[in-house]
Amino acid sequence: MNSIALDILALAAHRDDVEQTCGGTLLKMAERGYRTGILDLTKGEMGTRGTAEDRAREAEDAARILKVSWRQALDIPDGRVENTWENRLKVARVIRELRPRVLILPYWQGRHPDHYTASILGYEASFLAGLAKLDVGHPQSAANHQDELAKLPPHRPFKIIYASLYHDVRPTFVVDITDQFEGRFASLMAYKSQFSDQHAGSGIFPAQTEIRARVEAMARFYGMLGGVTYAEPFVQKEVGLVDDLLAIPVKSI
Ligand SMILES: [Zn+2]
């Protein structure tokens, strides 16, 4: 992991979360020439289907489909994402290393504790990453760890937005992914150990045609809110800033 500056970093608890909540947006931004990345907090060892190694390979395939420049998984235990000092430092270190301008976090409420904890953890780690006096370690590329100059300089993302697809909340904006929908779906299907039709866990996991129908229904719903075919929902805590009233998108009546 050399110091490669990213424009956009998406953080999530589990491999395949990003593909489900904001994969189309990441693909769209990559197609616009932005450098994007994905940080998965866990390696997925608790999943009913497949091993952590299967999921690592699948995550790489999905990353290629979404055209991300960087993807890595931390070693936080799956099903036990906790907002500890140690975990905040791990994430802060990645933020300093990658220096994203935009950080996409999971929405801060939801059914799965790993998801909402990842949200708070990501926010607090972003705050820590900007504290000049806090030492979060050296870049992995630095040969001499005693070298003061090699220390990672402070950095905070300019913008934090929350991918809200997992939770029933009204988004503050949606991103049109009509042209990226098929790519996003393909990135999700790259997780063959999770989503291909098979016997293990068939009581929990819907068949592939059912998944396609659900993913499409959600994307269409948020697309409808934005007046486009398919979209992904986001929440931002700040107000929107408008310069030109005639350029505000989405029809009112
Ligand atoms: Zn998840």
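Leaving aside neighbours within four places in sequence, Cys22 is in contact with Ala10, Ile104, Ala163, Glu232 and Phe234. The model in which these contacts are found is a predicted one. Cys22 also belongs to the largest nonpolar core, a set of 31 residues. Within that core, Val18, Cys22, Leu26, Ile104, Ile211 and Phe234 touch the most other members. Two of these residues, Ile104 and Phe234, are thus also among the contacts of Cys22 listed above.

Several secondary-structure elements build this core. At least two residues each are supplied by the strands β1 (8–12) and β5 (159–163) and by the helices α2 (23–31), α3, α6 (181–189) and α8 (208–226). Helix α6 provides the largest share, with 4 residues. A second core, separate from the one just described, holds 29 residues and includes Ala118, Ala125, Leu134 and Leu152. As a general background, nonpolar side chains in soluble globular proteins tend to be buried together.

The metal site comes next. A zinc ion is coordinated by ND1 of His14, by two OD contacts from Asp17 and by NE2 of His115, at 2.1 to 2.6 Å. In sequence, the spacing of these donor residues is H-x2-D-x97-H. Why is the site of the zinc ion irregular? The angles among its 4 donor atoms run from 55 to 125°, whereas a tetrahedral assignment would require all angles to lie between 85 and 135 degrees, so the lower end of the range falls outside that class. Two of the donor residues can also be placed by their accessibility: His14 is buried, at 9% relative accessibility, and Asp17 is likewise buried, at 5%.

Attention now turns to the charged side chains, among which 17 salt bridges are counted. Helix α3 (residues 52–65) contains Glu60 and Arg64, which lie 4 residues apart, about one turn of the helix. Their side chains meet in a salt bridge with an N to O distance of 4.0 Å. Arg64 forms a further salt bridge with Asp61, where the closest N and O atoms are 3.2 Å apart. Arg64 and Asp61 are 3 residues apart in helix α3, so about one helical turn separates them.

How exposed or buried are the residues of this group? Glu60 has a relative accessible area of 51% and is therefore exposed, the cut-off being over 50%. Arg64 is exposed as well, at 56% relative accessibility, while Asp61 counts as partly exposed at 28%.

A salt bridge of another kind of placement joins Glu124 and Arg88, with an N to O distance of 3.6 Å. This pair links distant parts of the chain, since Glu124 lies in helix α5 (residues 113–129) and Arg88 in helix α4 (residues 85–98), 36 residues apart. Glu124 is partly exposed, at 31% relative accessibility. Arg88, by contrast, counts as buried because its relative accessibility of 17% is under the 20% limit.

Finally, salt bridges also form a network, in which Glu182, Arg212, Glu216 and Arg220 are linked. Glu182 falls within the residue range of helix α6 (181–189), and Arg212, Glu216 and Arg220 fall within that of helix α8 (208–226). These two helices are among the elements that each supply at least two residues to the largest nonpolar core.

Note on methods. Residues are numbered from 1 along each chain as its sequence is written. This is a predicted model: local features need pLDDT of at least 70, side-chain atom pairs count only at pLDDT 80 or more; totals for chains, interfaces and linings use all residues. Side-chain values use heavy atoms; hydrogens and water are left out. Buried means under 20% relative accessible area, exposed over 50%, partly exposed in between (1.4 Å probe, protein chains only). Donors are N, O and S atoms within 2.8 Å of the metal (3.2 Å for Na, K and Ca); water is not among the atoms, so sites may look incomplete. Four donors count as tetrahedral if all angles lie between 85 and 135 degrees; four count as square planar and six as octahedral if opposite donors are over 155 degrees apart and all others between 65 and 115; anything else is irregular. A nonpolar core is a set of buried Ala, Val, Leu, Ile, Met, Phe, Trp, Tyr and Cys residues joined through side-chain atoms within 4.5 Å. Contact means heavy atoms within 4.5 Å.
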